[in-house]
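This report goes through one protein model, from confidence and overall layout to single residues. The sequence and coordinates are shown first.

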Amino acid sequence: MAEPKFDIYQTNAINARKNSVVSAGAGSGKTTVLAERFSSLVLDPKEKVGVDQILTLTFTKKATVEMSARIYKVLKKHAPEKAADFFKANIKTLDSYCNSVAKMGCHYYGISPDFTQDGEQIKATVYAM
């Protein structure tokens, strides 16, 4: 598979060294850009960033799986020692991350720590709006 070619905006997103949001239309390469950004941060010897120090959020489980696979492949090729720690990576969907935050702080919110999301009720509420 050929290496992807990035335009100036994608390259800027990959090389940014501050907290960033990547926003673009469907099929524009967001997942690839985020995977490259993650890998470049971890592989940059000046940054000294561990795989567990980056929070990567996506909207779909599919994007999470694709991104994880791409990042792992790059790390395994260029830094096997970092790939060995990849299980610590924090790559999640936005709703999954919010769920984990709510569970960690449930005692602050007055909710039971064993709460679950009711996907069907969420859909019904959203579609009723």
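Confidence in this predicted model varies by element: helix 7 (residues 119–128) has the lowest mean pLDDT, 79, and strand 2 (residues 90–93) has the highest, 93. For the protein as a whole the mean pLDDT is 86, with 98% of the residues at 70 or more. Where pLDDT is low, predicted coordinates should not be read in detail.

**Overall layout**

The protein consists of seven helices and two strands. Read from the N terminus, the order of elements is α-α-β-α-α-β-α-α-α. Along the principal axes, the C-alpha atoms occupy a box of roughly 45 × 30 × 25 Å. Of the 129 residues, 29% are buried. Taking contacts between residues at least 6 apart in sequence, 52% of them link residues at least 24 apart.

The accessible surface amounts to about 9,400 Å², and carbon and sulfur atoms account for 59% of that area. There are 18 positive and 13 negative charges, and the mean positions of the two sets lie 4 Å apart.

**The strand pair**

In which sense do strand 1 and strand 2 pair, and over how many bridges? Strand 1 (residues 55–58) pairs with strand 2 in the parallel sense, over four bridges. L55 has N90 of strand 2 as its bridge partner, and T58 has T93 of strand 2.

Each strand has two distinguishable faces. In strand 1, T56 and T58 form the covered face, while L55 and L57 form the uncovered one. In strand 2 the side chains alternate: I91 and T93 point to one face and are buried, whereas N90 and K92 point to the other and are not.

K92, in strand 2, has a relative accessibility of 23%; it counts as partly exposed because this value is not under the 20% required for a buried residue. Beyond its neighbours within four places in sequence, K92 is in contact with T56, L57, T58, T64, Y97 and S100. K82 is 10 residues from K92 along the chain, and their C-alpha atoms are separated by 19 Å.

**Two residues outside the strands**

I14 is part of helix 1 (residues 8–15). Its relative accessibility is 8%, so I14 is classed as buried. Leaving out residues up to four places away in sequence, I14 touches F6, V33, E36, R37 and S40. The C-alpha atoms of I14 and A35 are 8.6 Å apart in space, with their positions 21 residues apart in sequence.

K48 sits in the loop between helix 2 (30–43) and strand 1. Is K48 buried or exposed? With a relative accessible area of 68%, K48 is exposed, because this is over the 50% cut-off. The backbone of K48 has a positive phi of about 50°, although K48 is not a glycine. Most residues other than glycine have a negative phi.

**Accessibility of the three residues discussed**

| Residue | Relative accessibility | Class |
|---|---|---|
| I14 | 8% | buried |
| K92 | 23% | partly exposed |
| K48 | 68% | exposed |

In terms of location, I14 belongs to helix 1, K92 to strand 2, and K48 to the loop that lies between helix 2 and strand 1.

Note on methods: Residues are numbered from 1 along each chain as its sequence is written. This is a predicted model: local features need pLDDT of at least 70, side-chain atom pairs count only at pLDDT 80 or more; totals for chains, interfaces and linings use all residues. Side-chain values use heavy atoms; hydrogens and water are left out. Buried means under 20% relative accessible area, exposed over 50%, partly exposed in between (1.4 Å probe, protein chains only). Contact means heavy atoms within 4.5 Å. Accessible areas come from the Shrake-Rupley method with a 1.4 Å probe; for residues, only the protein chains shown count as cover. Lys and Arg count as positive and Asp and Glu as negative; His and the chain ends are not counted. The place of a charge is taken as NZ of Lys, CZ of Arg, CG of Asp or CD of Glu. pLDDT is the predictor's confidence in each residue, from 0 to 100. Two strands pair if DSSP finds at least two bridges between them.
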